[in-house]
Amino acid sequence: MTPPSIESERPDAVFTREGETWLPSVLSRGPWDPLAQHGGAPSALLAHLAESAIAEPGWQLARLTVELVKPVPVAPLATRSNMQSARSTARLTIDLLAGDTLVARGHALMLRSQALALPDGLPAASPARLLPAPPDCSQPLRIPGLPEGISFYATAVEALAAQGDVSRPGPGAAWFRLAVPIVQGVPNSPAMRAAAAADFGNGLSWVLPPDRFLFSNADLNLHLHRPPVGEWIGLSSETQVDASGAGLTLSRLHDAQGPIGTAVQTLVLRERR
């Protein structure tokens, strides 16, 4: 039987669960190594695992910190987790393991939702909305230096340019939508969609020539003050780099109604050999 990680045909989902094992398909592939996953794939999986850990309804993901300890392989993964819960919060640590090797760790903060009657006249976020909205965007996002072929960024996600010129270095904005389920047979949740999109910030706002430098992220810190509505997640991103070999990308996240949160990535900068 051919493993899902090397299927020649397009799979139906990024991950398939077999018992306690998660099997990534070619749709999880990243831009730097065909044998390693895009950071959005394990991030979205960790969001799913955090949400699934609480059976009681009425909880929402407020923070997800993903530590990409090693390149996450396009290979079977196991998980282990620990949770501490209180009346209004639950904190989870979830490990992804390839064999006995820790490859990624997620720290999730879940909040119990509570309806509030907020006062009128609260300060509005700036900008209130990311424009143009997805229906008014027609140019597919193509980040320079990324190879073509079946992958997470080229096949599992649909992306539309919104602001800036991604062919030139500097800040940019785009809309992202999952084209397939993250987990076979499981609908993509709002948190999963946000986690999948949030990892695109460093590519969207690249500042170093991708033919000369690698600028992969070692982590992802996602904060959501409300669950996104609809399938499209907007990112407005900006990257800063330093000659020490470190960088930082800050992304503001939106849905069609307005801001939903922020994401920060720590970048590892290296010259291509």
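Okay, let me open with a question: does Asp 255 count as buried or exposed? Hold that thought for a minute. One caveat before anything else: what we have on screen is a predicted model.

So, Asp 255. Its relative accessibility is 0%, so it counts as buried. And it has a partner, because the side chains of Asp 255 and Arg 226 meet in a salt bridge, with N to O at 2.7 Å. Asp 255 sits in strand β12, residues 246-255, while Arg 226 is in the loop between β10 and β11, so this pair ties together parts that are 29 residues apart in sequence.

Staying with salt bridges, the count comes to seven. Let me show you another one: Arg 105 with Asp 95, at 2.6 Å from N to O. That pair also links distant parts of the chain, with Arg 105 in strand β6 and Asp 95 in strand β5, 10 residues apart. What about exposure here? Asp 95 is buried, at 5% relative accessible area, whereas Arg 105 comes out at 25%, so that one counts as partly exposed. And there's a third player: Arg 80 joins Asp 95 and Arg 105 in a network of salt bridges.

For contrast, go to Arg 17 and Glu 20. They form a salt bridge too, with the closest N and O atoms 3.3 Å apart. Glu 20 is exposed, at 58% relative accessible area, and Arg 17 is partly exposed, at 46%.

Right, pockets. How much space lies in the largest pocket? About 630 Å³. It's lined by 32 residues, and the ones closest to the centre are Pro 31, Trp 32, Gln 37, Ser 216 and Asn 217. If you want to find the walls by element, α4, β9 and β13 each give two or more residues to the lining. The largest share is from β9, with four residues. And in terms of chemistry, the lining breaks down into 18 nonpolar, nine polar and five charged residues.

Last thing, out on the surface. Leu 116, Leu 118 and Leu 122 form a nonpolar patch there, and together they have about 340 Å² of accessible area. To locate Leu 116, look in the loop between β6 and α2. That leucine, Leu 116, is exposed, with a relative accessible area of 62%.

So, back to where I started: Asp 255 is the buried one, at 0%, and Leu 116 is out in the open at 62%. That's me done, thanks.

Definitions and conventions:
Residues numbered from 1 in each chain as written. Predicted model: local features only at pLDDT ≥ 70, side-chain atom pairs only at ≥ 80, totals over all residues. Heavy atoms only, no water. Patch = residues over 30% accessible without salt bridge, like charges linked within 9 Å, V, L, I, M, F, W, Y side chains within 5 Å. Areas by Shrake-Rupley, 256 points an atom, 1.4 Å probe, with all protein chains shown as cover. Salt bridge = Lys/Arg side-chain N within 4 Å of Asp/Glu carboxyl O. Buried < 20%, exposed > 50% of the residue type's maximum accessible area, 1.4 Å probe, protein only. 1 Å grid on protein atoms, 1.4 Å probe; cavity = no way out; pocket = protein on both sides within 12 Å on 5 of 7 lines; lining within 4 Å. Points joined across faces, edges and corners; volume = space filled by probe spheres on them. Nonpolar A, V, L, I, M, F, W, Y, C, P; charged D, E, K, R; others polar.
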